[in-house]
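Please open the model in your viewer, with the cartoon on and residue selection at hand. The stops below follow one another, and each names what to select and what to look for there.

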Amino acid sequence: MQVEGEKSRSSFTFIDLFSGLGGFHTALRNLGGTGVFASEWIESLRVLYEKNYGLTPHGDITKVAMDAIPRHDVLTAGFPCQPFSKAGEQLGFEHTEQGSLFFTVAKIIESKRPSFFILENVPNILRHRGGETIVTIRETLESLGYSVQHRRYSPHEFGIPQIRDRVYIIGSLSGLDDFKWPEPENTVTDIRSVLDANPQGSRPLSPQSIQCLNVWNDFLALSPRELQIPSYPIWAMEFGATYPFEDDTPFSVLAREGDLKQYRGSFGNKISGDTPTEQLDLLPSHARRPQLKFPKWKIDFIRQNRQFYQDNREWIDPWLPQLRNFPSSWQKFEWNAKGEEKDLWKLVVQFRASGVRVKRSQTAPSLVAMTDTQIPIIGWERRYMTPRECSRLQSLGEIELPESRPAAYRALGNAVNAEVVRLIAEPLLASFVEANSVSGNQAA
């Protein structure tokens with residue numbers, strides 16, 4: 001089977017660990033590589049991988065005997081990012097199921113001695129444990145005799161309309177003195193380049209979603225023409241709240257005084273109730289944690305939101321009651337479209353745990369793997385992106401996708417971007433491919 005855009009190159013072999021939808025496979029086969037081994041612990045994705053690439057992945061890599069893994073020239077692995085992601089508990093290597101998988105990868109590298117490796121993970125891995133995690137990763141790989149470098153990229157830097165920062169870690173047994181990372185392009189992107197016009201079967205928005213977005217669109221419409229919507233997240237539940245946050249927290253006040261009844265909580269509601277639990281339930285969810293001191297970022301957001309409310313309460317107060325019955329995450333709003341017309345139905349929207357996020361079409365949001373409700377919404381067509389359109393965002397072209405829409409979205413959110421990998425792999429493999437070409441011509 002030939003993948004769209006495949007080019008004729010000198011041959012090399014590679015393995016694809018945690019293979020998912022095969023972003024690494026697509027990239028390296030387009031450079032002339034041959035996949036000789038893959039692993040993936042989700043059964044449905046193993047079946048799909050075989051259909052797309054003619055190679056059946058093994059299951060859980062921790063249960064695969066080392067002898068079952070063939071020798072190869074290039075190892076690729078997008079090892080699980082959840083232990084290092086800001087969205088999770090950030091347990092890192094201590095994560096009981098997934099944190100140690102990097103060391104499984106390292107053992108395979110040590111045993112099979114591939115000429116090169118390419119690893120991928122979330123950008124938070126650079127800051128995780130104060131930078132200790134990336135140091136451990138690099139030192140582990142360097143101790144195996146490899147020259148190691150890492151760099152952070154997003155597909156939008158190469159003309160692909162998706163902002164999705166990832167860290168790529170490369171290694172070479174022969175050194176990286178001649179290797180040059182691809183330089184980002186100054187290309188203007190637009191999500192429209194991957195969209196189908198009103199595609200059949202696209203998932204429409206639910207009535208509740210439309211209602212929520214209409215409420216936030218009313219917020220934009222009511223705001224004075226000259227007012228710039230804040231770039232910091234808008235936390236509407238802070239409008240009217242008076243609970244302490246600068247030097248104290250509700251938890252510390254309760255511990256000291258046993259009562260919060262003198263304060264107002266979410267949306268300015270007076271705090272009542274006889275028990276601490278009853279009183280805490282009237283606070284925004286971000287204020288209920290048992291903390292004696294809030295982190296600076298949270299203090300800043302609360303202060304900014306309360307000041308914004310005080311400056312604009314004349315038009316906010318009549319609007320605010322419409323928002324109160326929505327889920328907490330829908331009571332937050334992120335306007336990432338500065339300078340655009342204040343009409344979210346003309347922009348790209350995404351429901352995130354952090355709030356309703358609005359972006360211009362030139363700065364399309366990242367695909368995420370948590371739920372299919374977080375898929376980007378095409379405002380001007382009032383629909384979610386289709387799995388096929390999301391596949392194009394990941395540079396996977398027209399490969400076969402999971403039949404279940406939620407499963408397709410989840411797999412695409414976990415996928416590595418094939419074009420970014422190709423751009424990194426091409427200069428990394430250049431000397432190897434050239435040497436193989438020369439030896440092949442001499443043998444001929």
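Helices and strands here are DSSP runs, helices of at least four residues and strands of at least two, numbered from the N terminus. With that in place, please keep in mind that this is a predicted model.

**The whole chain**

Begin with the full cartoon, where the chain has eleven helices and twelve strands, and where the C-alpha trace spans about 85 × 50 × 40 Å along its principal axes. Of the 444 residues of the chain, 53% count as buried, and the accessible surface comes to about 20100 Å², of which 48% belongs to carbon and sulfur atoms. If you draw the contacts with a separation of 6 or more, residues 24 or more positions apart account for 66% of them.

**The parallel strands β1 to β4**

Select residues 12–17 and 33–38, which are strands β1 and β2, and you will see them pair in the parallel sense over five bridges. Within this pair, F12 of β1 has G33 of β2 as its bridge partner. Now add residues 23–29, helix α1, through which the chain crosses from β1 to β2 in a right-handed β-α-β crossover.

Next select strand β3, residues 74–77, which runs parallel to β1 and is joined to it by four bridges. Here F14 stands opposite V74 in β3. Strand β4, residues 116–121, also runs parallel to β3, with four bridges between them, and V74 stands opposite F116 in β4. Show the side chains of β3: V74 and T76 point one way, L75 and A77 point the other way, and all are buried.

**From β3 to helix α11**

Keep V74 in view and select A425, which is found in helix α11. What distance separates the C-alpha atoms of A425 and V74? They are separated by 9.7 Å, although the two residues are 351 residues apart along the chain. A425 counts as buried because its relative accessibility is 0%, where buried means under 20%. Leaving out residues up to four places away in sequence, A425 touches L28, L31 and I118.

**The nonpolar cores**

In soluble globular proteins, nonpolar side chains tend to be buried together. Which residues touch the most other members of the largest nonpolar core? In this core of 103 residues they are W216 and F219, while helix α11, residues 418–443, gives the most to the core, with nine residues. Apart from this core lies another, of 27 residues, and L141, V148, V167 and I169 are among them.

Then centre on W216 and show its surroundings. Not counting residues up to four places away in sequence, W216 touches I234, A236, W319, L323, W330, Q331, K332, F333, L344 and V356.

**The six-stranded sheet**

Move on to the open sheet of six strands, whose order is β7-β8-β10-β9-β11-β12 and whose pairing is mixed. The edge strands are β7 (234–235) and β12 (383–384), each of which pairs on one side only. Select β11, residues 377–378, together with β12, and you will find that they pair in the antiparallel sense over two bridges, with Y384 in β12 as the bridge partner of I377.

Now select Q350 in strand β9, residues 348–352. Is Q350 buried or exposed? Q350 counts as buried because its relative accessibility is 0%. The side chains of Q350 and R352 are joined by a polar contact of 3.4 Å. The residues that Q350 touches, not counting those up to four places away in sequence, include G355, V356, R357, P365 and Q374.

**Two residues with positive phi**

Most residues other than glycine have a negative phi. For the last stops, select R382, which lies in the loop between β11 and β12 and has a positive phi of about 50 degrees although it is not a glycine. With a relative accessible area of 38%, R382 is partly exposed.

Finish at S395, in the loop between α9 (387–393) and α10 (405–414), where phi is near 60 degrees, a positive value in a residue other than glycine. S395 counts as partly exposed because its relative accessibility is 21%, and the cut-off for buried is under 20%.

Technical notes:
Residues numbered from 1 in each chain as written. Predicted model: local features only at pLDDT ≥ 70, side-chain atom pairs only at ≥ 80, totals over all residues. Heavy atoms only, no water. Pairing = 2+ DSSP bridges. Right-handed = clockwise from strand over helix to strand, strands pointing away. Core = buried A, V, L, I, M, F, W, Y, C linked by side-chain atoms within 4.5 Å. Buried < 20%, exposed > 50% of the residue type's maximum accessible area, 1.4 Å probe, protein only. Contact = heavy atoms within 4.5 Å. Polar contact = N/O pair within 3.5 Å; in protein donor to acceptor, adjacent residues only side chain to side chain. Areas by Shrake-Rupley, 256 points an atom, 1.4 Å probe, with all protein chains shown as cover.
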